Amino acid sequence: MLDLNHPQTSNIFKASGYIDKVKFGCQTYINQTFEERQLTFEKMKSECDEMLIFCKNIFPKQYNDIEKAIKNIQIEIANLRLINIETEAGNCKVCNGEIKSFKSYVKEFPKITICQKCPEKIYALLLELEGLTGASWI
């Protein structure tokens, strides 16, 4: 748990916000048409760009690892952005993978729906970022 009086706490919350916006993009693009998801991927890339700028001075000791993780996320976004295949109804619109929904226990987001295939690398890298920025303590 975070110490709310620690000077780095607000920065950790801000880093968490960037991470959550990319996660939300992963939950969004799986149900969008090719054209719609291009905008989602662009927003995800922009969040990564903004997080890089933010983290440079805020987390200088971890910055090289943060930069590497974010650049790898952007590579994954670029790869997913190119996929335009025919998919089965009820499956991910990008990779045709199985979509699962989970109860979140968060009032504002009672259900989280994810593809278990195509965003897997992005989720792993976001988990790494949570550790590097302290967002995992929220």
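So, Asn72: at 31% relative accessible area, this residue comes out as partly exposed. Asn72 belongs to helix α3. Along the chain, Asn72 and Leu125 are separated by 53 residues, yet their C-alpha atoms sit 7.7 Å apart in space. One thing to keep in mind throughout is that we're looking at a predicted model.

Okay, staying on α3 for a bit. Gln74 is another residue of that helix, and what does its accessibility say, buried or exposed? Gln74 is buried, because its relative accessible area is 13%, and the cut-off for buried is under 20%. If you skip the neighbours within four places in sequence, Gln74 has contacts with Lys45, Cys48 and Asp49.

That takes us straight to the packing of the helices. Helix α2 covers residues 34-58 and helix α3 covers residues 63-82, and the two pack at an angle of about 170° with axes 10 Å apart. So α2 is roughly antiparallel to α3, since anything over 145 degrees gets that label. Who makes the contact? On the α2 side we have Phe34, Gln38, Phe41, Glu42, Met44, Lys45, Cys48, Asp49, Met51, Leu52, Cys55 and Lys56. On the α3 side, the list is Tyr63, Ile66, Glu67, Ile70, Lys71, Ile73, Gln74, Ile77, Leu80, Arg81 and Leu82. Sorted by class, that contact of α2 with α3 comes to 14 nonpolar residues, 2 polar and 7 charged.

Two of the names on the α2 side are worth pulling out. Asp49 and Lys45 form a salt bridge, with the closest N and O atoms 3.0 Å apart. Both residues are in helix α2, 4 residues apart, so about one turn of the helix. As for accessibility, Asp49 is partly exposed at 29%, and Lys45 is partly exposed too, at 32%. And remember, both Lys45 and Asp49 are among the residues that Gln74 contacts.

Now, how many salt bridges does the model have by this rule? The count is 5, and I'll show you two others. Glu76 pairs with Lys121, and there the closest N and O atoms are 3.8 Å apart. This pair links distant parts of the chain, with Glu76 in helix α3 and Lys121 in helix α4, 45 residues apart. The two ends look like this: Glu76 counts as buried, at 14% relative accessibility, while Lys121 counts as exposed, at 54%.

Then there's Lys100 with Glu98, whose side chains meet in a salt bridge at 3.6 Å, N to O. Lys100 is partly exposed, with a relative accessible area of 33%, and Glu98 also counts as partly exposed, at 46%.

Here's the one I'd flag for this group: Glu47. You'll find Glu47 in helix α2. Glu47 is buried and yet has no salt bridge. Why no salt bridge? The nearest side chain of opposite charge is Lys21, at 4.1 Å, and a salt bridge has to be within 4 Å. Not counting residues up to four places away in sequence, Glu47 touches Tyr18, Lys21 and Val22. So Lys21 does show up as a contact of Glu47, because contact runs to 4.5 Å between heavy atoms.

Next slide, the other helix pair. Helix α1, residues 9-29, packs with helix α4, residues 120-133, at an angle of about 175°, and the axes are 10 Å apart. That makes α1 and α4 roughly antiparallel to each other. From α1, the contact uses Ile12, Ala15, Ile19, Val22, Lys23, Cys26 and Gln27. From α4, it uses Ile122, Tyr123, Leu126, Leu129, Glu130 and Thr133. The split for the contact of α1 with α4 is 9 nonpolar, 2 polar and 2 charged. Val22, by the way, is also one of the residues Glu47 touches.

Last stop is Ala135, in the segment after α4. Is Ala135 buried or exposed? Buried, with a relative accessible area of 9%. Leaving out neighbours within four places in sequence, the contact list for Ala135 is Ile12, Ser16, Ile19 and Glu130. Ile12, Ile19 and Glu130 also appear in the contact of α1 with α4. And for one distance across the model, Ala135 and Asn64 are 71 residues apart in sequence and 17 Å apart, C-alpha to C-alpha.

Conventions
Residues numbered from 1 in each chain as written. Predicted model: local features only at pLDDT ≥ 70, side-chain atom pairs only at ≥ 80, totals over all residues. Heavy atoms only, no water. Axes fitted to C-alpha atoms, helices over the stretch in contact; angles between N-to-C directions. Parallel < 35°, antiparallel > 145°, perpendicular 65-115°, else oblique. Nonpolar A, V, L, I, M, F, W, Y, C, P; charged D, E, K, R; others polar. Buried < 20%, exposed > 50% of the residue type's maximum accessible area, 1.4 Å probe, protein only. Lys, Arg positive; Asp, Glu negative; His and termini not counted.
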